[in-house]
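Trainee: I'd like to learn how to read features from a set of coordinates. Could we take them one at a time, with the general idea before the case?

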Amino acid sequence: MSFKEITPQQAWEMVQQGAVLADVRDAQRYTYSHPKGAFHLTNQSFLQFEELVDFDTPIIISCYHGISSRNVATFLTEQGYENIYSIIGGFDGWIRAKLPIETRA
């Protein structure tokens with residue numbers, strides 16, 4: 001495994017220190033609510049993501065339950081990104097940990 005799995009709390013601490021949080025859920029759910037400051041990473045937004053994020057920047061992947069983020073994490077390491085993390089429990093875990101979210105009003 002070329003990425004690390006971390007708790008939502010660890011992820012939030014890393015975001016405070018400049019890590020990039022990428023939400024890979026579908027557009028409807030991302031638009032409805034997502035972790036505060038999360039980039040919506042999709043096939044369509046990947047080029048923009050590549051322009052914004054350096055290869056050595058810590059990147060944390062969030063999905064629904066912490067399963068599909070592993071595939072995305074593996075993909076990113078194959079692209080040359082060095083510090084990849086997957087949130088254990090995904091957005092579900094983030095909500096349960098009562099961490100900050102952004103919702104559509």
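Mentor: Happy to, and let's start with salt bridges. Keep in mind that this is a predicted model. The general idea is to look for a side-chain nitrogen of Lys or Arg within 4 Å of a carboxyl oxygen of Asp or Glu. Here R25 and D23 make such a bridge, with their closest N and O atoms 2.9 Å apart.

Trainee: Are R25 and D23 buried or exposed?

Mentor: The cut-off for buried is under 20% relative accessible area. R25 has 5% relative accessibility, so R25 counts as buried. D23 is at 0% and therefore buried as well.

Trainee: What else does R25 do, for instance with the ring of F91?

Mentor: R25 lies over the face of F91, at 4.0 Å from the ring centre. So one arginine gives you two things to look at: the salt bridge to D23 and the place over the F91 ring.

Trainee: How many salt bridges are there by this rule?

Mentor: The count comes to 4. One of them joins E5 and R70, whose closest N and O atoms are 2.8 Å apart. E5 belongs to strand β1 (residues 4–6) and R70 to helix α4 (residues 68–78), so this pair ties together parts that are 65 residues apart in sequence. E5 is partly exposed, at 30% relative accessibility, and R70 is partly exposed too, at 34%.

Trainee: And which residue forms a salt bridge with D92?

Mentor: That is R96, with 3.7 Å between the closest N and O atoms. Both residues sit in helix α5 (residues 90–96), and because they are 4 residues apart, about one helical turn separates them. R96 is exposed, with a relative accessible area of 59%, while D92 is partly exposed at 32%.

Trainee: Let's turn to the sheet. How should I think about side chains in a strand?

Mentor: In a regular strand, side chains alternate between the two faces of the sheet. In this structure there is an open sheet of 5 strands in the order β1-β6-β5-β2-β4, with parallel pairing. β1 and β4 stand at the edges with a single partner strand each, so one side of each has no neighbour in the sheet.

Trainee: How many bridges link β2 and β5?

Mentor: Strand β2 (residues 20–23) pairs with β5 in the parallel sense over 4 bridges. A22 has I61 as its bridge partner in β5, and D23 has S62. On the β4 side, 2 bridges join β2 to strand β4 (residues 39–40), again running parallel. There, A22 stands opposite F39.

Trainee: S62 has come up as the partner of D23. What is S62 in contact with?

Mentor: S62 lies in strand β5 (residues 59–62) and counts as buried because its relative accessibility is 0%. Leaving aside neighbours within four places in sequence, its contacts include D23, R25 and F91. Those are the residues of our opening example: D23 and R25 form the salt bridge, and R25 lies over the face of F91. Among the other contacts of S62 are L21, P35, S69 and I87.

Trainee: Next, aromatic rings. How do I describe a pair of them?

Mentor: You give the distance of the centres and the angle of the planes. A search of the whole structure finds 6 aromatic pairs. One of them is F49 with Y81: the pair is tilted, at 6.0 Å centre to centre and 55° between the planes. F49 lies in helix α3 (residues 46–52) and Y81 in the loop between α4 and β6 (84–87), so the pair ties together parts 32 residues apart in sequence.

Trainee: Which other pair includes Y81?

Mentor: F55 and Y81 form a tilted pair too, 4.7 Å centre to centre with 50° between the planes. This pair links distant parts of the chain, since F55 is in the loop between α3 and β5, 26 residues from Y81. F55 is partly exposed, with a relative accessible area of 42%, whereas Y81 is buried at 3%. F49 is buried as well.

Trainee: Which residues do the ring pairs link into a cluster?

Mentor: The cluster consists of F39, F46, F49, F55, F75 and Y81. You have already met F39, opposite A22 in the sheet.

How values were computed:
Residues numbered from 1 in each chain as written. Predicted model: local features only at pLDDT ≥ 70, side-chain atom pairs only at ≥ 80, totals over all residues. Heavy atoms only, no water. Buried < 20%, exposed > 50% of the residue type's maximum accessible area, 1.4 Å probe, protein only. Contact = heavy atoms within 4.5 Å. Pairing = 2+ DSSP bridges. Phe/Tyr/Trp six-rings, centres within 6.5 Å; stacked < 30°, edge-to-face > 60°. Lys NZ or Arg CZ within 6 Å of the ring centre and 35° of its normal.
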